[in-house]
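Colleague: Please take a close look at one part of this model, the pairing of two strands, and then go on to whatever else can be said about buried and exposed side chains and salt bridges.

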Amino acid sequence: IYQVDAAGENWQLLPYNPDAPGLDWNGFTDIVKNGDNLVISDGSSPWYSTDGGLSWSPSALEGFGSFYNFPQLNLAGDKVFAYAPFHDFSAPFQRSTSGGAVFEQPQALYDQFGAIAYSYVFDAGRIYSLGLENKINRSDDAAEHWQILSDSIPFDAIGQDWLPSSMNSFLVAGNTILIFDYYGTTGKGLVSNNLGGTWQIVDFSTNGGYPWGQYGFNTLKSVGNKLIAATQNAILLSTDGGLSWTNWDDGLPGFWEATLEIHDGYLWAGLNGGGIWKRPLSDLGLLTATGTVFNDLNINGIHDAGEPGLPDLIVQSTLSNAYTTTNPDGTYALFTSNADETIEVVPPAAYWTASPATQTVSLPAGDLNFALSVDPSAKDLSVSLVNASPFQPGFETNLTLFWRNEVPGPASDVVLSLSFPS
């Protein structure tokens, strides 16, 4: 596992311990940082580290043994999700409120709507699900509650009765949703630029496939009013909400499959067999808003010495679909096509308050700082109790109990007790 330096040029090998039992069984398929914890997947199940990777422990998964296919990890707010494509469709992912130590099955989507989700997408701290009933749902609070975005998707218009058998056929970035016939059988797709309110049919067919190659998109990113997508062998740019695409991969070597990330003013591309590349987002001709989001320890609204920046928070426009996340030091750069913007930061929890709540400015502009402070009376203790294997008559089952103080400050007068039914 490597981490890029602050300049974005050199890579440092993280001091993880590769000798933890079972840790390198399949290599690594994903990694996220949640607070001070690192969480990885070895292709089968999550592991977590509380000391920067020097030691690792297997995560406890509700109802499953140690080796199960959870290859993907995602963050939504301060929660970690382990994703298991093509598993039990009523609960294909598990959620951790404990920095990856314990994962539980969130059931709210099925409990609210009886929905059976086929695919999940994480974007800007929100979770989107596409179900077997051809409905799209969204959760803004890490899968606690859901709302229906679209309940009538014209799949028949692209030659499908329902979502094709690939999770990559369903993508969300900003206000745009793309659904593709991933294998290019018809060369058609569906585009919505108002999160499923209305749909347009796009036909890219060229001799029964796509002009950029055999497959549809596997990654979609939103920057201002522009979309960037990666396919198996191309990186593409759209300036009209996904209705047409042009190549944006000049200078790259030939490759087989690319994944994209946006970080610190650059588009990063990881190429299978072609290395890691980056391109400045300034090439898109957008305007920028920059600043810092920090922990206002003395609640005076000023970024004083010793007040740390807050990483991994969403800074977004209230006028468009532009958004970004803060860097490890709390700095951010928001790219937008609007000359005037109103921006806000999304607090990590309800007991955090941002000052100012919003800022309206003409762009480009800098020093747009947000001071976040915690309600001194806030109490938030998370408790998880899960069984790591199914209950069976005549067999012992281990339970894992995990508790964590979520508020940055001491938790006093807390009593936690556990009792079993007789």
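Modeller: Strand 31, residues 340–345, pairs with strand 33 in the antiparallel sense, over 4 bridges. This is a predicted model, and the pairing is read from its coordinates. Within strand 33, Val361 is the bridge partner of Glu341. Strand 33 covers residues 359–362, and its side chains alternate. Gln359 and Val361 point to one face and are buried; Thr360 and Ser362 point to the other face and are not buried. In a regular strand the side chains alternate between the two faces of the sheet. Val361 is thus both the bridge partner of Glu341 and one of the buried residues of strand 33.

Another buried position is Asn295, in strand 27, residues 287–295. Asn295 counts as buried because its relative accessible area is 11%, and the cut-off is under 20%. Leaving aside neighbours within four places in sequence, Asn295 is in contact with Glu307, Pro308, Leu310, Trp352 and Leu372.

On the surface there is a nonpolar patch of about 1000 Å², whose members include Leu381, Phe391, Trp403, Val414 and Phe420. Strand 35 (381–387) and strand 36 (399–405) each supply at least two residues of this patch. Val414 is placed in the segment after strand 36. With a relative accessible area of 45%, Val414 is partly exposed.

As for charged pairs, the count comes to 9 salt bridges. One of them joins Arg95 and Glu144, with the closest N and O atoms 3.3 Å apart. That pair links distant parts of the chain, 49 residues apart: Arg95 is in strand 10 (residues 93–96), and Glu144 is in the loop between strand 14 (136–139) and strand 15 (147–150). Arg95 is buried, at a relative accessible area of 15%, whereas Glu144 is partly exposed, at 40% relative accessibility.

Arg138 forms a salt bridge with Asp140, the closest N and O atoms being 2.9 Å apart. Here Arg138 is buried at 14% relative accessibility, while Asp140 is partly exposed with a relative accessible area of 42%. Arg138 and Asp140 also belong to a network of salt bridges that includes Arg126.

Lys221 and Glu261 form a further salt bridge, with 3.6 Å between the closest N and O atoms. Lys221 lies in strand 20 (residues 219–223) and Glu261 in strand 24 (residues 258–263), so this pair ties together parts that are 40 residues apart in sequence. Glu261 is partly exposed, at 49% relative accessibility.

Methods. Residues numbered from 1 in each chain as written. Predicted model: local features only at pLDDT ≥ 70, side-chain atom pairs only at ≥ 80, totals over all residues. Heavy atoms only, no water. Buried < 20%, exposed > 50% of the residue type's maximum accessible area, 1.4 Å probe, protein only. Pairing = 2+ DSSP bridges. Contact = heavy atoms within 4.5 Å. Patch = residues over 30% accessible without salt bridge, like charges linked within 9 Å, V, L, I, M, F, W, Y side chains within 5 Å. Areas by Shrake-Rupley, 256 points an atom, 1.4 Å probe, with all protein chains shown as cover. Salt bridge = Lys/Arg side-chain N within 4 Å of Asp/Glu carboxyl O.
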